[in-house]
Structures are given as structure tokens and as C-alpha cells.
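Please consider the structure shown below. The paragraphs after it lead through one part of the fold at a time.

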Amino acid sequence: VQLQASGGGLVQAEGSLRLSCAASGGTFSSYAMGWFRQAPGKEREFVARISGSGGTTYYTDSVKGRFTISRDNAKNTVYLQMNSLKPEDTAVYYCATMKYTVAGWRPFGSWGLGTQVTVSS
């Protein structure tokens, strides 16, 4: 599966952005999908996950209540609606296919290009 994230940009604190991730080359609805982010000088971290059907979602604590992950399987696209953005949300955001392993949910496959989100104070 090839992935391409888009929709990033520069926004002021408390603003909103919606990221999109278009997938190609696989059976999109069969994959759980996730969003990750990597800030300068930091490791890539998990942000949100959604099941193949879209019926189950999970968020890291720092974005709960502010971010919403969703998907449109007819369009092979997963979204991340980000509201009430904070400067600490500044990062390159990536989408990934995910699978459940003995070590828990993990990304697999190629990352593709991310999209830069910059939140100014």
C-alpha cells in the first residue's frame, strides 16, 4: 500500500486543520490505519488509530477531545481533523497501515511522505 499524506500547513494556536491520507495499491478497507507524528529532535509517536470498518478509534491522551480520525473506504482515504491546535502539535504527520501483533498495535509497510503541521503561538 502506498500512502500520501496532505493538508498540513501553518496555523495559529486554537486553529484547526484537516489532514488527508490517500492510499493506493491494496485493499484499503481491510487495514486498520493510524496517524503518527514526529517533531524536530524527537522520535515518531502514535497519534490515532481507526479500524478497517471505521467503527473503532483510539487516541493518544494528548489529543483526546481535540483530534478526530475518520475514514472513507470508498475513497481509500483516512482523515485527521485537528481542532484546538497547540504549538506542541507542531510536527510532520504521517499515516500508516497498522496491524495487531504480540507487542500490540504496530505500523507496518512504507510510511510515505508526511505533511508538515506548524502551530504558532
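The following account turns to a sheet and then to a disulfide. The model is a predicted one.

Let us begin with the sheet. In general, the strands of a sheet pair through backbone hydrogen bonds, either parallel or antiparallel. Here, four strands make up an open sheet, and their order is β1-β3-β8-β7. The pairing in this sheet is antiparallel. At its edges lie β1, residues 2-6, and β7, residues 67-72; each of these edge strands pairs on one side only. On average, and with direction ignored, neighbouring strands of the sheet are turned by 15° against each other.

The pairing of β1 with β3 can be followed in detail. Five bridges connect β1 and β3 in the antiparallel sense. Which residue in β3 is the bridge partner of A5? The partner is C21, and this cysteine leads to the next topic.

A disulfide is a covalent bond between the sulfur atoms of two cysteines. With a cut-off of 2.5 Å between the sulfur atoms, the count in this model comes to one disulfide. The link joins C21 to C95, with a distance of 1.9 Å from S to S. About the S-S bond the angle is 60°, and the link of C21 and C95 is right-handed. C21 belongs to strand β3 (residues 17-24) and C95 to strand β9 (residues 91-101), so the disulfide ties together parts that are 74 residues apart in sequence.

Are these two cysteines buried or exposed? Both C21 and C95 are buried. Thus C21 takes part in two connections: C21 is the bridge partner of A5, and C21 is joined to C95 by the disulfide.

Conventions. Residues numbered from 1 in each chain as written. Predicted model: local features only at pLDDT ≥ 70, side-chain atom pairs only at ≥ 80, totals over all residues. Heavy atoms only, no water. Buried < 20%, exposed > 50% of the residue type's maximum accessible area, 1.4 Å probe, protein only. Pairing = 2+ DSSP bridges. Axes fitted to C-alpha atoms, helices over the stretch in contact; angles between N-to-C directions.
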